[in-house]
Amino acid sequence: MSTDSDRRPWYRELNRYHWFVFTVAALGWLFDTMDQQLFNLARLPACSELLGLPPSDPRVGTHGGYATSIFLIGWATGGIAFGVLGDRIGRAKTMLWTILIYSLCTGLSAFSRSIYDFAFYRFLTGLGVGGEFAVGVALVAEVMPERARPFALGLLQALSAVGNVSAALISLGLGRLEEAGELDAFFADRLGLTSVSAWRVMFLVGTVPALLAILIRRKLKEPERWQSSATPGTAKQFGSYAELFGNPRWRSHALAGLGLAFCGVVGLWAIGFFSIDLTRLVFRKTFEAEARESGDVARDQAFLGLLFSKPGAISDVKDKIQPANLLGPETGPRDAERIYGAALELFDKGETITPDTVLAALDHGTKKLAPQTDDERRRRDAYLRGTVTDADGIAEHVERIRKRTRAIGGRLTHWAAITSVMLNVGAFFGIYAFSYVTHMVGRRPAFALSFVLAAASTGMVFWHFQTIGDVFWMIPIMGFCQLSLFGGYAIYFPELFPTHLRSTGTSFCYNVGRLVAAAGPSALGLLMSQVFGDKNEPMRYAGVTMCGVFLLGLLVLPFAPETKGQPLPE
């Protein structure tokens, strides 16, 4: 039996079964976080495609926030339900069901046809994702030797970054295939599909963790601590919220943990993970500027000139390229998109398509296409009147635009993946660093330091992020600071509750915190579209505004007990 004076590294205290339990729990949580991160990487292109809107449209960000909120509600709902089951029927059995649910429902997301069924599948996935954390940390906490427990839990949480990086590498590979056109070719040759987006393939890959359930079913045993506590005839109420809140000590612990989790979860899911979307939006401007410099604006004008000069030609191209695929002469204005969009509306109404009818439709048509200022009208008219035909035919122009769109999409997927990798490289070291900081100074001081650093680093990223080089230093710093909080949750929450309430209490803190925090992504989306929608880059202003949530965590710490050096309560 180890003591505080034991000088051996903590991992030397573990036997083969300790390592087996740790490996299974770590893989379960690693794959769980991989599925989470696949969603973060796929959210913007998925919502853009399902809504039929360009990624820069504020409505895409708003619906992305809604989908994230629905995912978090499912996460919280599943976490609360499976947390109770973890105490009542056992950690291993519950882990089996959570892994099966989040794996299979992630695969369903690949078949989404609208933003509504996409959000529904994310809710179902959240049910499984939410339940895995509480039973996993309860299992590890109860099996590990006392001195090794916080370090093992910290490493368990740190390995979640490996799951996130795995998702990023999947995205990276698919982005390259999408950019080269090989993804379309693969599905065209084998399934006869003309176009398959990378985000759909990402979700299909997310079904792989279901295989882990076989290992759990065959070899994982319930912890001896739980089995002895669950002996028939005991008066303990396993997984009972009545007992959790009926006892003043457990109630105060639960509410303090809830407050801590709320601040970190909002900070990560409503701000930190949206840095991937910020990367896409910033770099899209860069890549489109490169296309402008190569002369694509004039070629897109030529395409419109040809299209409007040939009656009926639009029927051959309307399903092949979207309005957002065309480039205007400037980064901000969307002249080409508005002109082509108006032409499509005229076609759908069966009206004649000429430059004059398109301009009339723009002046008197739908609000989303109508110019807002005289300057916009002059710029749009000049763009349309300046169209000239060239040697290329309409089909050649369509293929050129499709190729450019595919290439930009692939490059954005590539850099979104790199951003995710760098975020999680920082996260791995931040989470594991928390294990040592809390060992030296205690749980509450470690949380206080992490909250302050998370607010500062996140504000820095959203306000100053500009270049590809920033991906390699700003993003890891933010990941280190933000995700260190989650190392604290894995270590701290199991220390707050007795064995018969450990999974329930941990799940309450983490998942009710997530349920309350589900409003965060929607709040970010509304800030972007309603409050800062008139700004050039509304996501920056919304992100910096939301950073205040980290500082709320400092107000919770005086009510949180210090558990450093104390055994798990029974």
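Below are questions and answers on a predicted model of a protein chain.

Me: How many helices and how many strands does the protein chain have?
Reply: This is a predicted model, and its secondary structure has helices but no strands. The count comes to 0 strands and 25 helices.

Me: Why does the protein chain count as being as compact as a globular protein of its length?
Reply: The globule rule gives 25 Å for 570 residues. The radius of gyration of the protein chain is close to that, so the chain is as compact as a globular protein of that length. The value for the chain is 26 Å.

Me: What box do the C-alpha atoms of the protein chain fill?
Reply: The box is taken along the principal axes. Its dimensions are roughly 85 × 50 × 40 Å.

Me: What percentage of the residues in the protein chain is buried?
Reply: Buried means under 20% relative accessible area. The protein chain has 570 residues. The buried share of them is 59%.

Me: What share of the contacts with a separation of 6 or more joins residues 24 or more positions apart?
Reply: Take the contacts in the protein chain with a separation of 6 or more. Residues 24 or more positions apart account for a share of 82%.

Me: What percentage of the exposed area do carbon and sulfur atoms supply?
Reply: The protein chain exposes about 22500 Å². Carbon and sulfur atoms supply a share of 61%.

Me: How far apart are the centres of the positive and negative side chains?
Reply: The protein chain has 55 positive side chains and 50 negative ones. Each set has a centre. The two centres lie apart by 7 Å.

Me: Which cysteine holds the sulfur closest to that of C481, and why is there no bond?
Reply: A disulfide needs two cysteine sulfur atoms within 2.5 Å. The closest cysteine sulfur to that of C481 is 12 Å away, so it is too far for a bond. C481 counts as buried, at 8% relative accessibility. The closest sulfur belongs to C547.

Me: Which cysteine holds the sulfur closest to that of C509?
Reply: C509 is buried, with a relative accessible area of 0%. Its closest cysteine sulfur is 13 Å away, too far for a bond. By the disulfide rule, the count for the model comes to 0. The closest sulfur to that of C509 is in C263.

Me: Is A161 buried or exposed?
Reply: A161 lies in helix 6, residues 160–180. Beyond its neighbours within four places in sequence, it is in contact with N424, A427 and F428. Its relative accessible area is 2%, so A161 is buried.

Me: What separates the C-alpha atoms of A161 and L483 in space?
Reply: Along the chain, A161 and L483 are 322 residues apart. Their C-alpha atoms are separated by 9.0 Å.

Me: Is H63 buried, partly exposed or exposed?
Reply: H63 is found in helix 2, residues 58–88. Not counting residues up to four places away in sequence, it touches C47, L51 and I115. The relative accessible area of H63 is 26%, and buried means under 20% while exposed means over 50%. H63 is therefore partly exposed.

Me: Which residues does A455 contact, leaving aside its neighbours within four places in sequence?
Reply: A455 lies in helix 20, residues 443–464. It is buried, with a relative accessible area of 13%. V60 is 395 residues away in sequence and 26 Å away in space, C-alpha to C-alpha. The contacts of A455 are C547, F550 and L551.

Me: Where does G90 lie?
Reply: G90 is buried, with a relative accessible area of 0%. Not counting residues up to four places away in sequence, it touches L85, E222 and W226. G90 lies in the loop between helix 2 and helix 3.

Me: What separates the C-alpha atoms of G90 and Q227 in space?
Reply: G90 and Q227 are 137 residues apart along the chain. Their C-alpha atoms are separated by 8.4 Å.

Technical notes:
Residues are numbered from 1 along each chain as its sequence is written. This is a predicted model: local features need pLDDT of at least 70, side-chain atom pairs count only at pLDDT 80 or more; totals for chains, interfaces and linings use all residues. Side-chain values use heavy atoms; hydrogens and water are left out. Helices (H or I, at least four residues) and strands (E, at least two) are DSSP runs, numbered from the N terminus. The radius of gyration is taken over C-alpha atoms; the globule rule is 2.2 Å times the number of residues to the power 0.38. Buried means under 20% relative accessible area, exposed over 50%, partly exposed in between (1.4 Å probe, protein chains only). Contact means heavy atoms within 4.5 Å. Accessible areas come from the Shrake-Rupley method with a 1.4 Å probe; for residues, only the protein chains shown count as cover. Lys and Arg count as positive and Asp and Glu as negative; His and the chain ends are not counted. The place of a charge is taken as NZ of Lys, CZ of Arg, CG of Asp or CD of Glu.
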